[in-house]
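Me: I've got a structure with a ligand in it and I'd like to go through how the ligand is held. Can you walk me through the reasoning?

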Amino acid sequence: MTTQSPDPMKITYTTSAADMEKIHGAFDKALEKVRSECGRDYPIYINGKELRSELPRIVDTSPIDTDLVLGEFTSASVEHVNQAIESAYQARLKWEKVGWQKRVAIMHEAADLVRRDKFEIAACMSLEVGKSRMESLGDAEEAADLIDYYAQQMENAHGYRQKMDKLTPIEDNTDLLRPFGVFVCIAPFNFPMALGCGMSSAALVAGNTLVFKPAQDTPWTGLRLYHIFREAGVPEDVLHFVSGRGSVIGDALWQHPKVGGVVFTGSKDVGNRIFNGFSAKWAKPCLMELGGKNACIVMDSADVDAAAEGVMKSAWGLQNQKCSACSRVYVHKKVAEEFTAKLIEKTREISIGDPTERDVYFGPVINPSAVAKYERAVEMAKKDGSILVGGKRMSDGAFAKGYYLEPTIVKAPLTSSVFREEFFVPILAIGEIDSLEQGIEESNKVEYGLTAGFFSKDKAEVEKFFDEIEVGVTYVNKRSGATTGAWPGAQPFTGWKASGASGKGGCGPYYVMQFMREQSRCVIEE
Ligand code: NAP
């Protein structure tokens, strides 16, 4: 799979060789359609049946304008979760017996359906998450490519079944990877399509049945994913959709004894809770991709303009709410002044506003908790250092009804907590370093190990960075995004340390096999 495509309607997070006029036209049309569908009432789906509960519904409003109700979603109960897991458990052997070839075909069909609907999916995400058009389209495209890429892994491995050597002439030995049974997939709000799709398609193509829970901020996009899989041919008892509140059903999802595996993307705190609890009786697979506090090191030999551009894009894309977002920079003191001036200039140039609009780069954050986190982080920054740009909530005029925050650059001493804590809001800390050694040491001080960027023209420095930086995803001299831009089959996405669990991440060649367990079969033929 490559990042470049001849499809003039395709974009990724870092390529835009597409026909932009056509793309914007299609997005506008899709936006009009999904807006006309706002405010409906939605059920959960267990065994294909529409169900509702007595619990307070999830009123899904847009962070762009909180008066806009996108939909009202059923809040699943613990009983619903138990029912979904029981059904998924009953269906597990049948889904495995369907065979990998059929499952692969269904997944490729699902990828085609995502491509068919990508403008509506993107419009929906833009309204629900506050993503810009390009980010939303990238998310939808990535979702389709992820499904194909994981299905391809199954094909390349011929279903992970192979004949083995004989120890005696009368035996027949086979080794195969088989599904764990029921997987639970729990998704975060920020990439509701790509991450939901990636995690669930890998589990399904591997032969597991699935209970899917989207974040409570993004059930609208999550439900589209459910319908796409069902339309592609995933049977009703194999896939179940439970929108709901993590505080109500979260624990029930992974505590059920019939759950064979969990795939989770989200915060470190929730992830650790699941990981530690899930294996309380015996070790079970818990695949997790967690938070980050992603650093970029800028050396004195760097192309300073490229570094400032790359940091600006990675810091302000999706309002710093990407797990890979750049949230701290260590810049060599010889170029610190020039770099900071350019970064400030580029930050002031970004267009802030309603992210469904054509030229807007920077929209709102997801919810009031994010606003509160920003306000706390700004106070911390003021105490420890100085705010160079931003620092305020925007609430005038068009911003009045949304969660809009100014992109904020902070200069602080390297000991400040603004360099350690994941805020997941638009705050970027800058600190000065004397050497590469110091930059790497500071970068590695945090508990996280997700992505890191590096700008230098010195090959020896680049090698040292690769060897010593403690993260799973690295980028060197990337003007289009200093720490961001993973893509299936091109740049895998693995969290080290507190940013992940298995050491093998999404978008990479080792992903699907993690959803399976080995069985060795020996038959004596006399
Ligand atoms: P979050 O608060 O951890 O929520 C993630 C999911 O967990 C949501 O569906 C949430 O449901 C659910 N949940 C809450 N409590 C639970 C429990 N006790 N048991 C099971 N599930 C529970 O994360 P978020 O705010 O959605 O996403 C932001 C975080 O995700 C950041 O830390 C970011 O770095 C990380 N992230 C990492 C990656 C990566 O690939 N490494 C990618 C994207 C995001 P509710 O929404 O209903 O609470």
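**Around the ligand**

Reply: Sure. By class, the residues in the shell around the ligand split into 16 nonpolar, 10 polar and 6 charged. Keep in mind that this is a predicted model.

Me: What makes Ala-187 a polar contact of the ligand?

Reply: The cut-off is 3.5 Å between N or O atoms. A polar backbone atom of Ala-187 is 2.8 Å from a ligand oxygen, so the pair counts.

Me: And how do you know that Gly-244 makes one?

Reply: Same test. A backbone N or O atom of Gly-244 sits 3.4 Å from an oxygen of the ligand, which is within 3.5 Å, so that pair counts as well.

Me: What about Glu-422, backbone or side chain?

Reply: Side chain: one of its polar atoms lies 2.7 Å from a ligand oxygen. That is within 3.5 Å, so call it a polar contact. As for cover, the protein hides 88% of the 920 Å² of accessible area that the ligand has on its own.

Me: Which residues come nearest to the ligand?

Reply: Of the 32 around it, Ala-187, Gly-246, Ser-267, Leu-290 and Glu-422.

Me: Which helix gives the most to the shell?

Reply: Helix 8, with 4 residues. Helix 8 (246-255), strand 11 (261-265) and helix 9 (268-278) each supply at least two.

Me: Which domains does the shell draw on?

Reply: Domain 1 (21-290 + 503-524) and domain 2 (294-487) each give at least three residues. The space the ligand takes is the largest pocket.

Conventions
Residues numbered from 1 in each chain as written. Predicted model: local features only at pLDDT ≥ 70, side-chain atom pairs only at ≥ 80, totals over all residues. Heavy atoms only, no water. Near = heavy atom within 4 Å. Polar contact = N/O pair within 3.5 Å; in protein donor to acceptor, adjacent residues only side chain to side chain. Areas by Shrake-Rupley, 256 points an atom, 1.4 Å probe, with all protein chains shown as cover. 1 Å grid on protein atoms, 1.4 Å probe; cavity = no way out; pocket = protein on both sides within 12 Å on 5 of 7 lines; lining within 4 Å. Sits in = over half its atoms within 2 Å of the grid points. Nonpolar A, V, L, I, M, F, W, Y, C, P; charged D, E, K, R; others polar. Domains from an automatic or database assignment.
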